[in-house]
Amino acid sequence: MPKNSYLLIIMLLSALVCPVAKAQHKIQAPAKDEIIYHIFQRSFYDSNGDQHGDLNGIRGKLDYMQQLGVTAILLTPLYESAFYHNYFASDFEKIDPKYGTMQDYLLLVKDIHHRGMKLYMDMETQYVTEDHIWWKDGINSPKSKYADYIIYDDGAHTKPTSIVYGLNGLLGYDSVYRKITTVNLNSPKVLDYNYRLFKYWMDPNGDGKFDDGVDGFRLDHMMDNLDNKGLMPHLFDTFWNPLLNKLRQVNPKINIVAEQANWASFGVDYLTHGGVDRVFDFRLAFAIRSFKKSELIKAADSTFLLTPAEKQQVIFIENHDTPRFSYGVDGNLSKLKIGAALNLLLGGIPSIYYGQELGMTGTSGKFGGTDANEIPNREAFEWYKSDQGKGMAYWYKLKGPWKDKFDNDKPNDGISLEEEKNDPNSLWSFYRDMISLRGSNPVLIQGGYKSLQNNNDQIFSFERAEGDKRVVVAINLSDKSQDGVIQPTTHLVSIKNLYGSIKAGINSNTITINLPAYGIGVWNAE
């Protein structure tokens with residue numbers, strides 16, 4: 001859903017002080033590597049020629065995702081909505097027809113599971129539009145059976161309350177304005193409805209096998225005190241934990257990841273009190289974008305120190321609500337590769353946003369109070385050198401007053417799957433290399449994280465360790481060659497390259513390195 005200004009978030013983060021941890025921090029990770037591919041499906045691949053990405057388009061590209069190396073898929077909401085992003089539902093129980101049918105969905109889920117992959121569904125049931133039955137039947141009708149499903153500001157139920165930021169509606173990219181209100185999560189009927197809704201998506205045919213259901217949910221804009229209004233101040237206790245506990249009784253393996261509404265938070269309260277398994281590590285994402293060693297150390301050490309052993313952080317560098325990482329580094333290929341390396345090697349559960357692996361660019365627009373502002377971060381996946389061809393999902397260029405403003409796709413600019421797939425030096429190839437490196441070195445999946453001290457302010461170094469297995473990573477954050485001396489955590493007798501050709505030496509139980517500009521070194525240390 002639309003968020004606060006990205007620049008405001010950065011300012012808030014810079015004002016906060018993070019504890020710097022010195023101890024080894026254990027990262028909880030599944031036995032099998034999990035790398036999430038986060039898809040804004042309307043922009044991914046169009047299978048039927050209407051320029052809207054769809055479920056069959058995703059299914060047709062599962063081979064691509066497996067070739068890249070990802071093992072799980074996170075979709076944005078599928079349910080019906082007047083808005084292109086499908087947040088603010090008009091019907092939680094129907095799939096947006098532009099995406100396809102329930103049969104298309106079930107075929108996709110079964111194909112994903114047949115390949116040994118996982119599927120996560122994005123849910124935001126805290127808000128509905130004026131098109132929803134709860135609104136249509138309940139407005140002006142205090143005796144409606146849906147009377148307590150949404151919150152009203154008056155006893156006559158003529159004024160549905162506002163949503164986040166005090167908004168009462170939103171102008172769509174297509175110039176259609178829809179009213180939006182807040183769902184009454186205090187209502188036992190709403191809690192029961194959510195249980196039945198989530199349970200259905202976990203096991204659509206109800207046979208208890210879950211092969212046709214999702215493996216988990218992303219909870220968008222989850223809050224204990226929704227929108228800090230004080231209307232529903234203890235939702236972790238009164239809504240979320242009761243809901244999630246009941247869902248786990250249905251399927252104990254279901255995985256719940258929360259998007260904490262406060263991006264300046266590490267989300268620890270969600271993990272310890274909110275009942276979720278994972279949160280998104282916004283603090284680390286912003287630190288990676290900073291290219292500052294001190295920020296990286298603080299955010300990474302704090303992340304893995306504060307995260308409970310049985311919980312996980314989702315590590316990412318971009319998503320559907322943030323500017324593209326490439327925009328922030330002006331498309332610099334070396335910086336893009338550093339972003340990829342940190343995304344995949346630091347720890348936690350990595351998430352790659354569709355097109356990130358190509359270096360797709362974009363940042364929020366300035367079109368006023370409309371959801372068109374986020375379209376530049378959600379443009380069509382660039383399959384072809386020409387940016388034209390079968391499957392291109394240019395839905396946002398079909399209508400609306402800003403349809404001619406979205407032009408981040410440039411033909412022949414080196415940013416497309418066609419241009420990068422066969423280039424061993426491309427960003428796409430680098431992502432495959434890093435994912436392969438994880439697969440061949442389990443310590444990069446399950447090992448503990450620790451920042452390693454060194455004598456150079458431009459070199460960020462850390463280790464991943466489990467038992468007697470240890471991998472050392474050093475990254476030059478600058479555009480000039482840098483020498484460094486790294487202090488390991490234990491006595492070493494040998495160090496060998498795992499990636500690239502940058503040599504490291506052992507001298508008096510220190511690691512000596514010379515990194516080229518924006519160089520990345522990865523070594524097995526014994």
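Strand β11 (residues 278-280) runs parallel to strand β12 (residues 312-315), and three bridges join the two. Within this pair, Phe280 stands opposite Val314 of β12. The model in which these strands appear is a predicted one. Both strands belong to a closed barrel of eight strands, which follows the order β1-β2-β5-β9-β10-β11-β12-β13 with parallel pairing. On average, neighbouring strands of this sheet are turned by 25 degrees against each other, direction ignored. Helix α4 (residues 102-114) packs on the sheet, where it touches β2 (72-75) and β5 (118-123). The direction of α4 makes about 135 degrees with that of β5.

Strand β1 (residues 36-39) of the barrel contains His38. Is His38 buried or exposed? Its relative accessible area is 3%, which falls under the 20% cut-off, so His38 counts as buried. Beyond the residues up to four places away in sequence, His38 touches Leu74, Thr76, Asn319, His320, Ser351, Ile352, Tyr353 and Tyr354.

Helix α7 (residues 235-250) may be considered next. Its 16 residues should span 22 Å at 1.5 Å a residue, and its end C-alpha atoms lie 21 Å apart, which agrees. The helix nevertheless has a kink of about 35 degrees at Asn241, shortly before the proline Pro242. Asn241 is itself buried, as are Leu235, Phe236, Phe239, Trp240, Leu243, Leu244 and Leu247. In an α-helix there are 3.6 residues a turn, so residues three or four places apart point the same way. The buried residues of α7 pack against two helices, α6 (188-202) and α8 (268-272), and against the strands β9 (216-222) and β10 (255-260).

Helix α9 (residues 282-290) holds Ala287. With a relative accessibility of 5%, Ala287 is under the 20% limit and therefore counts as buried. Its contacts, leaving aside neighbours within four places in sequence, are Glu295, Leu296 and Ala299. The C-alpha atoms of Ala287 and Ile297, which are 10 residues apart along the chain, are separated by 8.7 Å.

A second sheet is open and consists of five strands in the order β14-β15-β16-β21-β18, with antiparallel pairing. Its edge strands, each pairing on one side only, are β14 (448-451) and β18 (495-499). From one strand to the next, the twist averages 25 degrees. Four bridges link β14 and β15 in the antiparallel sense, and Tyr449 has Arg464 of β15 as its bridge partner. Helix α10 (residues 293-306) packs on this sheet, touching β14 and β15, with its direction at about 145 degrees to that of β14. Ala465 lies in β15 (residues 459-466); it is buried, with a relative accessible area of 10%. The C-alpha atom of Ala465 is separated by 21 Å from that of Gly339, 126 residues apart along the chain.

Another helix, α14, lies across β18 and β21 (520-525) and runs at about 130 degrees to β18. The 14 residues of α14 (residues 427-440) reach 20 Å from the first C-alpha to the last, close to the 20 Å expected at 1.5 Å a residue. Buried residues of α14 include Trp428, Phe430, Tyr431, Met434 and Arg438.

Finally, the nonpolar interior can be described. The largest nonpolar core has 136 residues, and those with the most contacts inside it are Tyr37, Phe44, Met65, Tyr105, Phe217 and Val276. Apart from it lies another core of 14 residues, including Leu452, Val472, Ile511 and Ala525.

Key
Residues numbered from 1 in each chain as written. Predicted model: local features only at pLDDT ≥ 70, side-chain atom pairs only at ≥ 80, totals over all residues. Heavy atoms only, no water. Expected span 1.5 Å × (residues − 1). Buried < 20%, exposed > 50% of the residue type's maximum accessible area, 1.4 Å probe, protein only. Contact = heavy atoms within 4.5 Å. Core = buried A, V, L, I, M, F, W, Y, C linked by side-chain atoms within 4.5 Å. Bend = angle between axes of the 7 residues up to and from the residue. Pairing = 2+ DSSP bridges. Axes fitted to C-alpha atoms, helices over the stretch in contact; angles between N-to-C directions.
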